[in-house]
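User: Please give a close reading of the part of this model where aromatic rings may pack together, and then set that part within the rest of the chain.

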Amino acid sequence: MSYIEIMKYTEVAPKLFMNTGTRFPRKIIWAMGLVKLACARANAKLNLLDKDIAKAIEDASIEVMEGKHDEKVVLDVFQTGSGTGLNMNINEIIAERASELSGKKIHPNDHVNMSQSSNDVVPTAIRIAAVSNAIENLMPSLREIISSLNEKSKEYENVIKSGRTHLRDALPITLGQELSAYYDALSHDLEQLNNVIEYVKELPIGGTAVGTGLNAHPKFTEVVIQEINELTSLNFKTSNKFRSMRFLTDLLLLSGVMRNIAIELYRIGQDFRLMFSGPFTSIGEIDIPTQEEIAGSSIMPGKTNPVTVEATLLVSSEVVGLDQANQMASMLGEFELAMGVPLIGYNIILQENLLSEALRKFSSLVINGMKPNVEKMKRYAESSPSLITVISPIVGYDKASQIGKMLVKGMSIREALREMGFSEEEINRILDLEQLVKAGIPAKSQK
């Protein structure tokens, strides 16, 4: 049997689909091979498929899972909305290879696609890919940055700096307190990610064309999912097939959690970028030595830029944009079938991969690599005009007003108090920053 005989669908489809060069990621191809392997085993166990043919399909499917035929997965992501193009492409690859392995004529539809439809296979595969990729890559990266933030928040719990609201000087805060905000936000994201992954584990395989399971054995779903779980150990389960073939909103929830992570990572990146700004004409509260490993400018020698931070901001922007695309893709379709399947599958894996890389590098290079300029932070904290509000009840309104005028001229509060005749002991008592980063009423504690 020739390659051309088998590959008819895949040869003709590019004329009708888009040809943008956008190809399915390795994880989705792996998941498609996994589904075909599990289905072949199930059909054989249910005495629907010749054992030799099933074995050849299994062996060819394993090769697909291993990436040995990736160059033959040629159909564009921008194809028919059900993913029929992807399913037929995989069916034909497996049929050709299984025929070579067995010496038998194995058909892409009659044998490889037995008891299946593109309408249940591809929605199943993209969910398997999303869950597997999240567990293997996204979750470990998220845990890594959470751990780093928690560790650094404790390490710098006594490093006092100026707070800022509206990009203007505000009351003191510690660097540890700022980092704890990031730690807490991402910890909640991890909790949400764990919850939504359980929802995405519900698979529609066995629903065939419209969810009823016509032309599949009544036990087909049960046996296939059992095979998938033996191969992955990820505890997938059956879904309400009418729901999971019609709606992609479980995947949209996953996209939404990743959007939230991206937005928080963007905010964290902006804060780090501002703290790193300088070193002399801006904030300059932290150094990030890892950023010195490459030139920051092609024309200004010795310049260091927050390159990892900025790359992270680009990733965050892309993940948020992909979530918007997923919202649109989730609305495509009518009645029994979703029509955004290949696009949302592609986007989810891309979001997971982008975030995994960004979280990992931001954690190792930026958070773990940061060096706070402790004295500079303290000086900024003591220079904040907002401290006048705190010390006014202690030193009196008139003296507080005089101090305010000195601060405008560039003095720190410590210098101003010293010039007004306060002793070092009095200044230390009045200007106890450690008390100002805790709950309480400093003016009353001074009486």
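Analyst: The account below starts with the aromatic rings and then moves outward to the core, the domains and selected local features.

This is a predicted model, in which local features need pLDDT of at least 70 and side-chain atom pairs count only at pLDDT 80 or more, while totals for chains, interfaces and linings use all residues. Residues are numbered from 1 along each chain as its sequence is written, and side-chain values use heavy atoms, with hydrogens and water left out.

Rings of Phe, Tyr and Trp (the six-membered ring for Trp) pair if their centres lie within 6.5 Å; planes under 30 degrees apart count as stacked, over 60 as edge-to-face and the rest as tilted. This rule yields two aromatic pairs. One of them joins Tyr182 and Phe272 in a tilted arrangement, 6.4 Å centre to centre with 45° between the planes. Its partners come from distant parts of the chain, 90 residues apart: Tyr182 belongs to helix H8 (residues 175–200) and Phe272 to helix H11 (residues 249–276). Helices (H or I, at least four residues) and strands (E, at least two) are DSSP runs, numbered from the N terminus. Both Tyr182 and Phe272 are buried, where buried means under 20% relative accessible area, exposed over 50% and partly exposed in between, with a 1.4 Å probe and protein chains only.

Phe272 also pairs with Phe362, edge-to-face, at 5.5 Å centre to centre and 85° between the planes. Here too distant parts of the chain are linked, since Phe272 is in helix H11 and Phe362 in helix H13, 90 residues apart. Phe272 counts as buried because its relative accessible area is 0%, and Phe362 is buried with a value of 0% as well. Tyr182, Phe272 and Phe362 thus make up one aromatic cluster.

The wider surroundings of Phe272 can be listed by contact, that is, heavy atoms within 4.5 Å. Residues up to four places away in sequence being left out, Phe272 touches Leu179, Tyr182, Ile286, Phe362, Val366, Ile367 and Met370.

In soluble globular proteins, nonpolar side chains tend to be buried together. A nonpolar core is here a set of buried Ala, Val, Leu, Ile, Met, Phe, Trp, Tyr and Cys residues joined through side-chain atoms within 4.5 Å. The largest such core has 101 residues, and Ile145 and Phe272 are those with the most contacts inside it. Helix H7 (residues 118–155) is its main contributor, giving 15 residues. At least three residues come from each of domain 1 (9–114) and domain 2 (120–210 + 233–375). Another core, of 21 residues, lies apart from it and includes Ile388, Ile427, Ile430 and Leu436.

The chain as a whole is divided into domain 1 (9–114), domain 2 (120–210 + 233–375) and domain 3 (384–444), with bounds taken from an automatic or database domain assignment. The C-alpha centres of domain 1 and domain 3 are 74 Å apart. In an unreviewed entry, UniProt lists residues 387–437 as "domain: Fumarase C C-terminal". UniProt positions are given in the numbering used here, feature names are shortened, and annotations may be inferred rather than shown by experiment. Residues 387–437 are 76% helix and 0% strand, and the end C-alpha atoms of this span lie 12 Å apart. The unreviewed entry also gives residues 8–321 as "domain: Fumarate lyase N-terminal"; this span is 61% helix and 6% strand, with end C-alpha atoms 36 Å apart.

Helix H13 (residues 341–367) also holds Asn347, which counts as buried because its relative accessibility is 3%. The side chain of Asn347 makes a polar contact with the side chain of Asn326 at 3.0 Å. A polar contact is a pair of N or O atoms within 3.5 Å; within protein, one must be able to donate a hydrogen and the other to accept it, and residues adjacent in sequence count only if both atoms are side-chain atoms. Beyond its neighbours within four places in sequence, Asn347 is in contact with Leu322, Ala325 and Asn326.

Backbone geometry supplies the last details. Most residues other than glycine have a negative phi, and most peptide bonds are trans. The peptide bond from Gly278 to Pro279 is cis, with omega near 10°, and Pro279 is placed in the loop between H11 and E5. Phe335 has a positive phi, near 55°; this residue lies in the loop between strand E6 (333–334) and strand E7 (337–338) and is exposed, with a relative accessible area of 65%.
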